[in-house]
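Please open the structure in your viewer and keep the selection tool at hand, as this tour goes from one stop to the next.

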Amino acid sequence: MCLWLGLVVIVSASALAQDRHPLQARLAGQWKVSTMDGTESTELLQFLALAETNMMGAGENFRETYASGGDNALSTCRMAGALAGDPTDFSILDRGDVIDLTAFGRTRRVSMDFDLEPPDAYVPNELGWSVGRWVGDMLVIRTRHFSEGAIRLGEQPLPFGTPLAQVVERYTLSEDGDRLSLAINLNDPEYYLFSLRVRHEYVRTEGVLSSTGGCVRG
Amino acid sequence: MSRKFEMRRCQLPCWPRVSLIIALTLSLHSVEAQDRHPLQSELEGLWTYEGSGGPTETLLDREAEGILTEAAETYRSNWRIEEHDDEALCRARSPAALAGSAPDFEIFDGGVSVHLIAFEQVRRVYMDGRERPAGFWANKLGWSEGRWEGNTLVIRTTDLKEGSLPSPEPLLFGGPEAEMIERYTLSEGASRLSVDVILEDPTYYIHPMEFSFEFVRSDKTLHGIDCIPTLY
């Protein structure tokens with residue numbers, strides 16, 4: 001009887017987890033923003049305009065208390081959603097059940113068990129808690145449980161990361177595997193009236209990534 | 001031949017059995033049908049949203065965004081306002097749109113049925129455990145059955161046809177297995193109403209979505225509004 005129950009549990013668990021997708025290994029590598037010529041893409045400018053028009057009072061308050069100097073941890077410890085407001089080069093490392101995404105000198109671990117919840121000891125941080133799954137040929141990553149930060153720095157920072165905040169990233173490879181489309185949906189109902197969406201295009205590169213540094217707290 | 005014989009042979013002796021089955025069914029129905037709950041009439045009135053935590057459309061988008069199925073992603077990538085947006089096209093609205101709009105709504109107590117009026121549409125919620133009538137087809141409002149669990153009115157709606165949900169990003173609800181569960185709980189003074197909604201639709205979402213709203217009684221005067229398609 002116990003053996004039977006155990007078998008049922010094992011079969012149920014394996015039915016819940018997705019099989020490893022054949023494209024997961026092909027995602028691995030270094031990716032460079034395809035419009036990296038110093039100009040900001042129309043898509044990015046539209047995203048920034050949307051964020052400005054949708055910002056609520058709490059967002060304005062954040063800006064008033066925000067200092068963009070180098071002694072501010074926000075200036076160096078970039079968030080998971082920062083790729084939306086400050087598109088930069090990044091790398092993907094496929095480790096099977098886990099994918100490592102490295103950008104801004106920080107590595108975010110994405111569990112491919114979509115239902116995995118953070119452990120009790122988890123402390124919300126700028127990178128959040130990321131889980132992923134495949135939807136057809138698209139990798140979808142959902143990140144929650146942030147600490148507050150900014151998804152774009154500078155004179156007009158874009159705040160993000162209240163307890164309800166969520167980032168959903170959709171990664172779609174081109175047929176030849178050399179181009180990657182990344183659509184990002186940011187949802188933070190306390191800072192923005194509506195969710196924000198932006199799409200950035202990347203090309204595969206073998207060179208050294210432009211984003212370096214890591215996170216230095218003041 | 002033998003089958004016809006069996007049927008003929010069954011005609012007379014079968015009736016007592018049929019009567020027994022009918023009696024049993026009726027008794028089961030009387031078990032299912034509840035006595036009228038004293039709070040049912042208290043629910044009557046106009047209710048308006050008084051919530052916090054951000055706009056309801058954004059909260060719906062947050063719940064749905066990461067759990068879309070491939071069918072939902074395909075719908076989204078093919079979405080065009082002039083074809084798919086029920087609100088913009090003045091089409092009948094899915095009751096599930098409650099989760100993204102939290103619209104003002106009215107409740108009327110009709111005894112065996114409770115009428116929920118939202119989006120200028122009347123949804124009948126049958127409280128007597130009746131079966132769907134012959135000729136019932138799935139439709140935008142679906143089939144709603146209600147029952148009391150303690151002091152909470154629980155409404156289960158099925159047989160929904162697909163409809164768009166109000167959200168910054170296109171969302172759909174109403175696959176063949178779609179089910180909507182609403183729980184209405186009055187406050188002690190009957191001036192506030194907590195509404196919990198569970199939307200389950202494995203065709204479009206890999207997990208059920210849950211929402212909670214707070215409504216307060218309103219003395220607004222509602223009136224008809226001609227819907228004008230809003231296409232840009």
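Before the tour begins, one term is needed for a hairpin that comes later: two strands are said to pair if DSSP finds at least two bridges between them. The model shown here is a predicted one.

Begin with chain A and select strands S1, S2, S3, S4, S5, S6, S9, S10 and S11, which in that order form a closed barrel of nine strands with mixed pairing. As you follow the barrel around, the twist from one strand to the next averages 30°.

Within this barrel, select residues 106-111 and 129-135 of chain A, which are strands S4 and S5, and you will find them paired in the parallel sense over two bridges. A place to look along this pair is Val110(A), which stands opposite Ser130(A) in S5(A).

Next, select residues 42-54 of chain A to show helix H3, whose 13 residues reach 18 Å from the first C-alpha to the last, close to the 18 Å expected at 1.5 Å a residue. Which residues of H3(A) are buried? They are Leu44(A), Phe47(A) and Ala51(A), and because they cover an arc of only 60° around the axis, they lie on the same side of H3(A). If you add helix H6 (82-85), strand S8 (158-160) and strand S11 (196-205) of chain A to the selection, you will see part of what covers these buried residues. Then turn to the face of H3(A) that points away from its buried side, where the exposed residues Thr42(A), Leu45(A), Gln46(A), Ala49(A), Glu52(A) and Thr53(A) are found.

Now move to the place where the chains meet, at which 16 residues of chain B are in contact with 15 residues of chain A. On the chain B side, select helix H2 (56-65) and helix H3 (70-78), each of which supplies at least two of the residues that touch chain A, with H2(B) giving the most, namely six residues. By kind, the residues on this side of chain B divide into four nonpolar, five polar and seven charged.

Finally, select residues 113-118 and 121-126 of chain B, which are strands S3 and S4, running antiparallel and joined by six bridges. Here Leu116(B) stands opposite Arg123(B) in S4(B), and in the hairpin of these strands, with two residues between them, Phe119(B) takes a positive phi near 55°. Adding residues 143-149 of chain B brings in strand S5, which runs parallel to S4(B) and is joined to S4(B) by two bridges; there, Ser144(B) in S5(B) is the bridge partner of Val125(B).

How values were computed: Residues are numbered from 1 along each chain as its sequence is written. Chains are lettered from A and ligands numbered from 1 in the order in which they are written. This is a predicted model: local features need pLDDT of at least 70, side-chain atom pairs count only at pLDDT 80 or more; totals for chains, interfaces and linings use all residues. Two residues are in contact if their C-beta atoms, placed from the backbone, lie within 7 Å. Helices (H or I, at least four residues) and strands (E, at least two) are DSSP runs, numbered from the N terminus. Ala, Val, Leu, Ile, Met, Phe, Trp, Tyr, Cys and Pro count as nonpolar, Asp, Glu, Lys and Arg as charged, and the others, Gly among them, as polar. Axes are lines fitted to C-alpha atoms, for helices over the stretch in contact, and angles run from 0 to 180 degrees between N-to-C directions. The expected span of a helix is 1.5 Å times one less than its number of residues. A residue is buried if 20 or more other C-beta atoms lie within 10 Å of its own, exposed if 12 or fewer, and partly exposed in between; C-beta atoms are placed from the backbone. The arc is that of the directions from the helix axis to the C-beta atoms.
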